[in-house]
Amino acid sequence: MKKIVIDTLKLVVITLVAGLLLSIVYQLTKDTIAAAEAQELTDSYSAVMSEASGFVEVEVTEAPSFDDDTSLNTALYAYDENGNEIGAVLSVTSHKGYGGDIDITIGIDTDGVITGIVVTSMSETSGLGANCQNEEWISQYIGKSGAKTGATQENEIDAISGATKTTRAITNAVNAALDFAAEYFGYGEGGGNS
């Protein structure tokens, strides 16, 4: 009985020390991790709107294009080196991915055409839905002003093999972003049907 009590106390002490050390490491690294995530998001703005030399965040109080399936995280005006508005960058979350939320950053020019798109965060299945980050697949959206799944026409997107739910989630988020850009900024006509 005494041995069990001693072993239990040892395990409790080890657990407390490990928990304390993890808490200290978290406190020391949380600001660095947050800064790295913020920088990654900022880098995605330039990646989707490469012609822009500056971005100004927009205070959006209402985003009717978004519903329970998608949400707007950030909206920014994009400006060229002369200060001319050349489009917008939107950070959007689809809540309908197979593995949960999918965060994308999308650039939309003043004509309502997609200039770039980056998947910034997702938890899709490796080898299937995770292929949504592949440059070859995601670049299908560039140059379009609306998207539907099933690439038989110009505005349609080839689904990721074995990951139609992921494809549909991203396509719906892209269309919500295009609709928002049309409503809020007056760019193009919006994403249309998905």
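Trainee: Is Asp69 buried, partly exposed or exposed in this predicted model?
Mentor: Let's look at the cut-offs: buried means under 20% relative accessible area and exposed means over 50%. Asp69 has a relative accessibility of 29%. That value lies between the two limits, so Asp69 counts as partly exposed.

Trainee: Which residue forms a salt bridge with Asp69?
Mentor: For a salt bridge we need a side-chain nitrogen of Lys or Arg within 4 Å of a carboxyl oxygen of Asp or Glu. Here the closest N and O atoms are 3.8 Å apart. The partner of Asp69 is Lys96.

Trainee: How many residues apart in sequence are the parts that the pair of Lys96 and Asp69 ties together?
Mentor: Start with where each one sits: Asp69 is in the loop between β1 and β2, and Lys96 is in strand β3 (residues 85-97). Lys96 is partly exposed, with a relative accessible area of 44%. Because the two lie in separate parts of the chain, their pair ties together parts whose separation in sequence is 27 residues.

Trainee: What is the N to O distance in the salt bridge of Lys3 and Asp7?
Mentor: Good one to look at, as the count comes to two salt bridges. Lys3 and Asp7 both lie in helix α1 (residues 2-48), four residues apart, which is about one turn of the helix. Lys3 is exposed at 59% relative accessible area, while Asp7 is partly exposed at 33%. Their side chains meet with an N to O distance of 3.4 Å.

Trainee: Turning to the rings, are Phe66 and Phe180 stacked, edge-to-face or tilted?
Mentor: A search of the whole structure finds eight aromatic pairs. For Phe66 and Phe180, the ring centres are 5.8 Å apart and the planes are at 50°. Planes under 30 degrees apart count as stacked and over 60 as edge-to-face. The angle falls between those limits, so the pair is tilted.

Trainee: In which helix does Phe180 lie?
Mentor: Its partner Phe66 is in the loop between β1 (54-57) and β2 (70-79), so the pair ties together parts that are 114 residues apart in sequence. Both rings belong to buried residues, with relative accessible areas of 12% for Phe66 and 1% for Phe180. The helix that holds Phe180 spans residues 164-185 and is α3.

Trainee: Which residues do ring pairs link into a cluster?
Mentor: We have already met two members, Phe66 and Phe180. Following the ring pairs from one residue to the next gives the whole cluster. Its members are Phe66, Tyr77, Tyr79, Phe180, Tyr184, Phe185 and Tyr187.

Trainee: Which residues is Thr70 in contact with, leaving aside its neighbours within four places in sequence?
Mentor: Thr70 is found in strand β2. Thr70 is buried, with a relative accessible area of 3%. With those neighbours set aside, its contacts are Thr93, Ser94, His95, Asn172, Ala173 and Ala176.

Trainee: Which element of the protein chain has the highest mean pLDDT?
Mentor: The chain has three helices and seven strands to choose from. Its average pLDDT is 83, and 84% of the residues score at least 70. The lowest mean among the elements, 54, belongs to strand β6 (residues 148-149). The highest mean is 93, and the element is β2.

Terms used. Residues are numbered from 1 along each chain as its sequence is written. This is a predicted model: local features need pLDDT of at least 70, side-chain atom pairs count only at pLDDT 80 or more; totals for chains, interfaces and linings use all residues. Side-chain values use heavy atoms; hydrogens and water are left out. Rings of Phe, Tyr and Trp (its six-membered ring) pair if their centres lie within 6.5 Å; planes under 30 degrees apart count as stacked, over 60 as edge-to-face and the rest as tilted. Buried means under 20% relative accessible area, exposed over 50%, partly exposed in between (1.4 Å probe, protein chains only). Contact means heavy atoms within 4.5 Å. pLDDT is the predictor's confidence in each residue, from 0 to 100.
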